[in-house]
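Dear colleague,

I am handing over the structure below, together with a short account of what was found in it. Please have the model open as you read.

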Amino acid sequence: EKTGKVLGEFCRCYKEQFGVALFNSVRYEIEGAGGPQAQLLHRKVPLEDHVIYSGNIFQYIEENKKWRNRFCVVPHNYGLVLYENKLAYERELPPRVLVNSAGYKILTSVEQYLELVNNSLPGVTPKSGHSPILKCPTDFPLILWHPYARHYYFCVMTGKEQEKWRAVFQDCVRHCNNGISEDSKVEAPAFTDAIRMYRQSKEQYGTWDMLCGNETQVLSNLVMEELLPELRGAIGPRLKGKAPERQRAWIQVSDAVYRMVYELAKAQYDAAVARCEQERPQLESTIRTDMDQIITSKEHLASKIRAFVLPKAEVCVRNHVQPYISSILEALMTPTSQGFAEVREVFFKEVTDMNMNVVNEGGLDKLVEYMEKLSHLAFHPVKMQSCYEKMDQLKLEGLQQRFDVSSTSVFKQRAQIHMRQQMDDAVYTFETLLHQELGKLQGKDDLCKSIQRILERVLKKFDYDSSTVRKKFFREALLQITIPFLLKKLAPTCKGELAKFQELIFEDFARFILVENTYEEVVLQSVMKDIMQAVKEAAVQRKHNLYRDSMVMHNSDPNLHLLGEGPAIDWSEEFSGQPEAEPAADRRRRAKQVVSVIQDDEGALPYGAVAEALLQPGSPEPRAPEQEAARAGVPPSPLGAVKEIREALAQESLGHGAEGRLMNGTDGSGASEEGELLAGAAQGGVAHTARDGVHCATAASPAPGAEIPAGPPAACHQRGDSEEQRERSPPRPSGTTESGEGVQTEF
């Protein structure tokens, strides 16, 4: 009922905004727009057929309250995919868990988690001495917390591993949060404007932390924001048992409701989009035929609203906004510019190190190896972490309360996405220019000089594009902070009077001109001049290496953008002499190594049967590595010989335990860990990510927090009888799998 009510109001807003967005899109197409031309090339499909990361991690299984070793793969769509073990991944068996991390927070201490859990169900707090909801067997937990969906619990053996995994998880969250495609010039603005209008109708202005994920996830968050307090009041008092049991039950209830809301919201939103798309040809025909009349009508309406609103808006800007613009801008500029400077430094260092290594180690052969790694530098979570961390300094203390900014995370993530994009543009431009030069080079000295010369060219282009991107980001952030504040301030005196302007709009044009949108444009104009001036002054003062607006680079490389239109460069296939046809299994193994970054052998216990036994509740006292090595038939050795111990244990694990677990899905005692796996097709469509314009071919994401077993790819190895029994369920429609609760969700 709640979902139907919220989606009904939202879909009305969406239909209104769709017409406006379509008009704006056609007008932009006809009139065009100026603006600086980017100097760097933009890669169209950054991560096709690649894997971000793969490695071992321990996961807490709620069904049997045990910790299990899992092999985690982060594919190019930034979903978290957990397999039984590495062998299961290499043999293309179905994954255990698929996680879409949109809306999640990454916590690195149990105390942080318990505080959030205690706050989620007021009045239910475990008494001192009682067992909390979660115990972690190591000092290095990694917890994925969501306000509505289920939580995921992981841990690792060392602090170094924890830091690296945290960087990987944060990259996943950052990417999945950015789930509304900017490539859609009509649907995306219509959707975001409809969300904003809906929330403003409920007197909710300012930034919203849960505007994350794809459209259905955002709508689910919108419904849950209203539904959860009612649900908590109705169900909370009826929960039985000790405090941890009630907390666990509440998390399960919230997750189950969230899944239901997701399915209902998806159906209603898809229907609304389909209706609008059906009307689109007729609307677009009207726009193109009557464009001049629509523009004239809108300008007439704007002039009337401006005469009414602008005097009040200017007073409000002068008294409440203007004095704080420079403070907000400085708070934004310092960490953002430091982050982009770090991007430049990391890029420079990686290319310089590559140049030295190529000269010292063997010319073109080594160049291919290093270029394979460099080409994915922007998507290397650990190497990029030093850039992203600069945004952690962003503080809007004092200003946050004044301007109703609930959190700075919106601005941090936006800046970090820009950093990643600029790094990838720089890398792609560098490799394109170098690839063009390779045929002309003779010997190592020529190669070294050419790399250095191209690096200097790319850095100049990076500096120019970086300045352009940052100035745009500063202007957008200032508007995002000040406009909701102004709208809220002006609402008591202006909003009630807007209805009288409706009669100024011709009925034929009512789908393309809205009084509310025109009013907001007038308010925006009242503050835009001050914002533009503040950013311009910062550039004139050369603060933070910003270029002046008057400095424009035109056609510095007139043929460069033609190079960017060519096919993607595959360094290994083009220069390493490998045969073109490569078996799928070998390609899968090779792909997962491209950006596999976390291998910590410095004193970490082996991720095998021994470490798994250490983490199971009620297990005997942990043995020292020497004792475990003796069990595997290896003489006792000091801690420094961890590698030898790991190899011996791996052999024992694969010989006696892993194969059995792989085939029957049990933990070795015959008991199933997570119930029977449901077979099904996990073939997703093509999803386009991101408000940052990064365009990746990805599998469609699952419902947030869903634990969904998925069927194996079509090209699978010959299975044994036990595997066939395990996967005998009939295949489901392409693009969907069925969760344990029977809810169909996308991935």
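Of the 19 residues of helix 4, 14 are buried, so this helix is largely enclosed by the rest of the structure; buried means under 20% relative accessible area, exposed over 50% and partly exposed in between, with a 1.4 Å probe and protein chains only. Please keep in mind that this is a predicted model, in which local features need pLDDT of at least 70 and side-chain atom pairs count only at pLDDT 80 or more, while totals for chains, interfaces and linings use all residues. Residues are numbered from 1 along each chain as its sequence is written, and side-chain values use heavy atoms, with hydrogens and water left out.

Helix 4 covers residues 159-177 and reaches 26 Å from its first C-alpha to its last, close to the 27 Å expected at 1.5 Å a residue (the expected span is 1.5 Å times one less than the number of residues). Helices (H or I, at least four residues) and strands (E, at least two) are DSSP runs, numbered from the N terminus.

The axes of helix 4 and helix 10 (residues 381-388) come within 9 Å and cross at roughly 75 degrees, where axes are lines fitted to C-alpha atoms, for helices over the stretch in contact, and angles run from 0 to 180 degrees between N-to-C directions. That makes the two helices roughly perpendicular, a term for angles of 65 to 115 degrees, with under 35 counting as roughly parallel, over 145 as roughly antiparallel and the rest as oblique. Among the residues that make the contact (heavy atoms within 4.5 Å) are Asp171 and Arg174 of helix 4 and Gln385 and Tyr388 of helix 10. Arg174 also lies over the face of Tyr388, at 4.0 Å from the ring centre, given that a charge sits over a ring if NZ of Lys or CZ of Arg is within 6 Å of the ring centre and within 35 degrees of the ring normal.

A search of the whole structure finds 22 aromatic pairs (rings of Phe, Tyr and Trp, the last by its six-membered ring, with centres within 6.5 Å; planes under 30 degrees apart count as stacked, over 60 as edge-to-face and the rest as tilted). The rings of Tyr14 and Phe18 have centres 6.1 Å apart and planes at 45 degrees, so the pair is tilted. Both residues lie in helix 1 (residues 2-31), four residues apart, about one turn of the helix. Phe18 is buried at a relative accessible area of 0%.

Kind regards
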